[in-house]
Amino acid sequence: QDKGTKMTEFWLISAPGEKTCQQTWEKLHAATTKHNNLSTNSKFNIPDLKVGTLDVLVGLSDELAKLDAFVESVVKKVAQYMADVLEDSKDKVQENLLANGGKDGFEKDDLLEQQWQTKHESSILAPYTVNFPFIFKGVNQIDNDLKARASAYNNLKGNLQNLERKNAGSLLTRSLADIVKKEDFVLDSEYLVTLLVIVPKMNYNDWVKQYETLAEMVVPRSSNVLFEDQDSYLCNVTLFRKAVDDFKHKAREYKFMVRDFQYNEEEMKADKEEMNRLSTDKKKQFGPLVRWLKVNFSEAFIAWIHVKALRVFVESVLRYGLPVNFQAMLLQPNKKTMKKLREVLYDLYKHLDSSAAAIIDATMDIPGLNLSQQEYYPYVYYKIDCNLLEFK
């Protein structure tokens, strides 16, 4: 797909059948291709659905608008969470957001022309009353499952990040489990104790000269560099217990920071094991979670297209009347010529709108015309915005 001119936006429109619906389609296609391919078009075939009374259709129009907004929000949540789980690697995310099990959900021919070839087919053709709970229930289930799965995975990820932060902070605060060894300490001595001191690199020569004299009873040549980061060295030093307070106080004057640390093998082992456990758990959950997101993205996306189709059907009957005679068409506008495409569509269909001025002046509630939510055109129009990710 040429990213320069193609949009991830589709316009789903319908116009009344002329002598035949085929003629309506040909007329649109000719008008949009005559001017440098303003859009890529295909027919959007909607099966004949049961037509209820006018009251039922008006009610449906409102219900479908709510359902559309809800399903779209779930589609976007699943897509965005996929981006979070894949750590925002954009290419991978697009690969995984495929509707219809493996074909790119944003290619019209693969998904939108075949939107009825799914397991929802039998239900979509059922009376509306059956159909609504079916779509809502399915998508609501995806929404609830997503909340539960995301909460569990985020919890795991958060705990792991906290531990990783512990292992990557400054030498004053970070975990030392991977740094210090038993042999760096004098342990189990009644009189002696080993301290850990953070020495700024620029002060290291002072440390070598001074540490044995910072307090009485420091063991000579007992200091070694155990580890370094960008700014500091981690050194050990052994002295008599009763000199510790004096040593700490004097060390601070030279900007040597004694770290509060007791060597405890069990504790450090537990820290390491916890890190490994969380890391393993995260890896284990990652694959199944991505698979679940792929499958349910596809389910939610297909449900969303079904809702759009139902909206087109209901609005077309309300606007164009009975018997049912309209052609639904899917347009993928070219980015640079969207304004021109609008003009061409207006010229084609303005005759449908002899009452448009009256409608727009009227304060009455006209089905299919919610001015606050949607631009009004003489033809039935819905936008399908497939740009589902907001990359940070």
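Student: How many bridges join strand 1 to strand 7?
Tutor: Good place to start! This is a predicted model, and in it strand 1 and strand 7 run antiparallel. One residue pair to look at is Ser-14, whose bridge partner in strand 7 is Ala-328. The number of bridges joining strand 1 to strand 7 is 6.

Student: Which strands are the edge strands of the open sheet?
Tutor: The sheet has 4 strands with antiparallel pairing, and its twist averages 25° from one strand to the next. Reading across, the order is 2-7-1-8. An edge strand here pairs on one side only, and that holds for strand 2 (39-43) and strand 8.

Student: Which helix lies across strand 1, strand 2, strand 7 and strand 8?
Tutor: The chain offers 11 helices to choose from. The one you want runs at about 10° to strand 1. That is helix 10.

Student: Which element gives the largest share of the largest nonpolar core?
Tutor: That core has 72 residues, and Ile-13, Leu-28 and Leu-293 are among those with the most contacts inside it. Elements giving two or more residues to it include strand 1 (9-16), helix 2 (54-85), helix 6 (128-166) and helix 9 (265-320). The largest share, 19 residues, comes from helix 9.

Student: What is Leu-293 in contact with, leaving aside its neighbours within four places in sequence?
Tutor: Leu-293 is one of the residues with the most contacts inside the largest core, so it is a nice one to display. Setting those sequence neighbours aside, its contacts are Val-78, Tyr-81, Met-82, Val-85 and Leu-146.

Notes. Residues are numbered from 1 along each chain as its sequence is written. This is a predicted model: local features need pLDDT of at least 70, side-chain atom pairs count only at pLDDT 80 or more; totals for chains, interfaces and linings use all residues. Side-chain values use heavy atoms; hydrogens and water are left out. A nonpolar core is a set of buried Ala, Val, Leu, Ile, Met, Phe, Trp, Tyr and Cys residues joined through side-chain atoms within 4.5 Å. Buried means under 20% relative accessible area, exposed over 50%, partly exposed in between (1.4 Å probe, protein chains only). Contact means heavy atoms within 4.5 Å. Two strands pair if DSSP finds at least two bridges between them. Axes are lines fitted to C-alpha atoms, for helices over the stretch in contact, and angles run from 0 to 180 degrees between N-to-C directions.
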